[in-house]
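Here's a walk through a two-chain model, looking at how the chains meet, how each one is divided up, and where the backbone does something odd. Keep the viewer open as you read.

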Amino acid sequence: MFFRKVALSSALALMAGNAFACEISARVNIIGNEFPAIQTVGAGAAECTGSVVTKNLTADHKDIHVAGMQGNPAEYTSAIVANSTLTILMNDDLVRPLDDLVAKHGQSLQKSQLITVDGKVMAVAFMANAQHLMYRKDILADLGIEPPKTYEEMLDAAKMIRDKGVMQNPIGGAYAAGWNLAQEFNNMFIGYGGTFFKEGTAEPNINSEAGVNTLNMMKALTEYMNPDFLTHDSNATNAEYRAGNIALLNMWGSRAATQTTADGVTDAVKNGHAIAGPMTVGGGSTPASTLWWDGWTVAKNISDDEAEATFIAMMNGIRPELMQDAEVASQAVWLIEGYEPTEAAVGVFDAAKAGTVPYPMVPYMGLMHGAIGNELADFLQGKESAEQALADIEAAYRAAAVEKGFLK
Amino acid sequence: MKHRTFFWFFLPTGLAMFLFIALPIVSVVTQSVFAPHEAVLKTVENCTPLVGCTTETTIDQEATREIREAQPLGRFVGLDIYLDRGHLAIAELREAWNSAETWGDFWDRLFNLPLYRALAFTLTFTFIVTPMLIVVGLMIALAVNSLHRHLKGLMIFFSLLPMIVTPLIGSLILFWMVDSRGIIGSALVALAGDPNFSLKASTGLTWIMLIVYGIWHSAPFAFVVFYAGLQTLPKDQIEAAQIDGATRWQQIKYVVVPHLMPLVTFVALIQLMDNFRVFEPVVGFNASAHATSLSWIIFNDLGGETRQLSAASATSVLTIIGVAILLSPVLVRTWRDFKGK
């Protein structure tokens with residue numbers, strides 16, 4: 001049975017290999033996140049023949065990719081990364097500049113796919129992502145509310161929905177203490193025009209008016225959330241939305257296409273689901289969101305043969321022909337040539353058009369993100385003032401940054 | 001035993017202890033007094049899709065590589081990491097002591113610091129769970145022991161279930177049950193008569209939930225040990241007590257418990273150590289907003305995008321010291337008994 005399976009899959013792989021002519025001569029091993037678009041890229045890379053392609057696609061990729069690429073030779077020859085994770089790999093000098101390989105094998109790439117740092121191509125992006133509004137158009141239409149364009153309008157809409165007795169807690173948000181909560185802070189903080197660091201330094205700069213406004217707005221939103229909000233990550237928030245318990249939420253664009261396809265989604269939610277661009281806040285013009293890309297890298301500590309094989313295999317994972325598959329096209333906002341935006345992509349494109357800023361790519365942003373995630377919960381529970389929470393974040397960040405050598 | 005025989009008997013254990021206990025501790029201590037080099041930064045132009053090019057700061061890899069090669073361990077920082085805000089926070093403590101007007105104010109500031117906040121929960125958890133689980137374990141053992149022999153096997157199996165279930169899975173199942181839409185959560189909402197009542201949103205209730213979970217999970221361990229101990233209970237002593245007219249309570253108090261005392265010490269030792277390292281329930285219950293523990297801090301420092309190895313090592317060393325302090329009374333007594341003989 002086992003052998004039959006192996007024979008069958010290798011026959012299929014051979015056919016596929018012939019069809020797309022992807023031949024590699026050295027091992028390829030991929031580490032990355034596990035959402036559907038990345039699964040597609042990984043499967044595409046694995047179609048290559050001539051050598052072994054292995055992949056480890058897991059939500060815990062962030063905990064192992066540095067360790068898996070630090071050795072020489074590195075265990076993983078490619079890491080699938082986003083803005084924040086590329087910085088982490090670059091901090092430890094673990095990714096290889098790709099200019100020579102792009103020139104040799106990258107004809108099908110568009111210029112906008114090349115992530116360049118200091119003039120060198122460090123990653124090849126294949127999709128864009130941003131958090132934006134998702135809402136129940138049926139509920140808003142019943143009450144005669146326009147889809148909110150600002151967070152202030154979102155609060156008004158939520159108040160109306162609650163007052164009319166439609167829903168007790170109409171707003172959803174990924175406010176789980178830790179990474180998710182910090183990301184929501186980042187969105188709002190950027191919306192209020194805040195800057196995380198003093199110009200050109202690693203000195204924190206969040207204990208400001210923008211910071212206080214951010215916290216007050218977050219607190220106001222939580223009044224309309226399920227009281228368990230500090231334990232709700234994006235998955236739990238989505239579950240609430242799919243169950244029809246919330247009507248308004250700021251959610252990742254990469255989840256837009258699958259929002260209504262899960263088991264047990266009620267018909268009301270299926271028919272009422274709608275998306276729009278990210279909201280602004282406090283009269284600002286920059287959306288309270290961040291723009292992300294996902295792309296792949298090639299490890300530094302591997303032989304040139306392996307680097308070339310990895311590049312060829314990954315290129316096969318993002319070849320333009322894939323875009324003709326309607327299901328693949330709906331999985332993400334692809335940056336690949338030939339991609340026709342689907343309905344689910346509206347939110348991310350609106351985010352880009354509205355001038356959403358990219359998630360900061362400075363080397364110490366990860367430490368700031370961590371400090372925010374750990375120190376915000378007390379304020380949202382009403383245990384301390386906004387100023388105290390911001391001072392705590394700065395102090396926690398400072399201790400971490402001194403340890404890591406970014407501050408003295 | 002001859003010294004030579006003892007040496008060969010002990011060698012495998014000694015070697016394993018050296019490899020798996022002594023060396024890691026040396027490594028952790030070393031890592032906690034070294035930190036990464038100061039980063040050499042430079043400003044570069046980054047280009048990303050949908051946005052275009054922006055000026056950003058990045059690490060100057062060539063300059064950094066030279067420093068790293070010269071001193072691969074990193075820069076020596078002595079006890080700096082131990083004293084910083086993420087750990088013992090000496091400067092913040094002094095500041096709080098000098099400027100706080102009341103004790104309440106001082107405690108507020110103290111528990112605003114991550115290590116002390118974690119210690120507060122860790123110690124509360126340890127000192128409530130350990131005695132409770134011993135009492136509960138003893139009660140289950142006595143109850144099962146007095147059952148008819150046909151029922152005993154079945155009851156032992158069911159009593160052991162909480163320990164058989166993986167801690168993470170056990171806490172996740174309970175976590176879903178106490179969700180405000182879960183079965184226990186909904187029941188509590190109905191009982192409290194407040195639609196916004198949530199167990200997970202309250203720090204006090206979260207602590208209670210974690211403590212109850214801790215007792216539920218560890219009581220079977222105490223039960224198994226005590227049950228085994230009860231099988232060695234001398235029948236004649238019990239009979240003598242019965243003839244003297246002792247009630248069931250008196251029999252337990254004056255015969256059974258003294259007989260089990262060495263086992264109580266054993267269970268207390270193991271469980272003090274285990275509970276001081278409480279970790280899985282904090283993760284499983286997603287409770288880090290309300291309750292953190294020393295082990296959770298280590299996990300948090302190591303994980304994700306921060307990777308603070310020095311901070312995690314320092315907390316590990318502090319945990320080892322904490323366990324040593326907790327166990328010291330028992331260890332001192334054992335040593336005295338040994339010397340006495």
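Two strands pair if DSSP finds at least two bridges between them. That sets up a good place to start in this predicted model: strand β4 of chain A and strand β2 of chain B (residues 41-48) run antiparallel, joined by 2 bridges. On the chain A side, look for Val117(A), whose bridge partner in β2(B) is Asn46(B).

**Where the chains meet**

The strand pairing is a way into the contact between the chains, to which chain A gives 49 residues and chain B gives 42 residues. On chain A, the elements that each supply at least two residues are α3 (61-70), α4 (83-91), β4 (114-117), β5 (120-136), β9 (290-296), α15 (365-375) and α17 (386-403). Helix α17(A) makes the largest share of that side, with 7 residues. By type, the chain A side splits into 28 nonpolar, 13 polar and 8 charged residues.

**A kinked helix in chain B**

Helix α17 of chain A turns up again when you look at α15 of chain B. This helix covers residues 309-340, so 32 residues by count, and spans 44 Å from its first C-alpha to its last, close to the 46 Å expected at 1.5 Å a residue. There's a kink of about 55° at Ser328(B), shortly before the proline Pro329(B).

Which residues of α15(B) are buried? They are Ser310(B), Ala311(B), Ala312(B), Ser313(B), Ala314(B), Thr315(B), Ser316(B) and Leu318(B). Their cover includes α17 from chain A, along with α1 (3-33), β1 (34-35), α3 (80-83) and α14 (294-302) from chain B itself.

**Domains**

Each chain is split into two domains, with these bounds and centre distances.

| Chain | Domain 1 | Domain 2 | Distance between C-alpha centres |
|---|---|---|---|
| Chain A | 7-129 + 291-350 | 131-289 + 360-403 | 30 Å |
| Chain B | 40-71 | 105-340 | 49 Å |

Inside chain A, 18 residues of domain 1 are in contact with 15 residues of domain 2. The domain 1 side gets two or more residues from each of α2 (36-46), α4, α13 (326-331) and α14 (346-353) of chain A. The largest share, 5 residues, belongs to α4(A). That side is made up of 9 nonpolar, 8 polar and 1 charged residue. Helix α4(A) is also one of the elements that supply at least two residues to the side touching chain B.

**Backbone oddities**

Most residues other than glycine have a negative phi, and most peptide bonds are trans. A few spots here go the other way.

The peptide bond from Asn72(A) to Pro73(A) is cis, with omega near 5°. You'll find Pro73(A) in the loop between α3 and β3 (78-82) of chain A.

Asp93(A) isn't a glycine, yet its phi is positive, at about 60°. It belongs to the loop between α4 and α5 (99-105) of chain A. Asn286(B), also not a glycine, has a positive phi of about 55°, and it sits in the loop between α13 (280-284) and α14 of chain B.

Are these two buried or partly exposed? Asp93(A) is partly exposed because it has 17 other C-beta atoms within 10 Å, while being buried takes 20 or more. Asn286(B) has 22 within that distance, so it counts as buried.

Conventions. Residues numbered from 1 in each chain as written. Chains lettered and ligands numbered in written order. Predicted model: local features only at pLDDT ≥ 70, side-chain atom pairs only at ≥ 80, totals over all residues. Contact = placed C-beta atoms within 7 Å. Helix = DSSP H or I, 4+ residues; strand = E, 2+ residues; numbered from the N terminus. Nonpolar A, V, L, I, M, F, W, Y, C, P; charged D, E, K, R; others polar. Domains from an automatic or database assignment. Bend = angle between axes of the 7 residues up to and from the residue. Buried ≥ 20, exposed ≤ 12 C-beta atoms within 10 Å, placed from the backbone.
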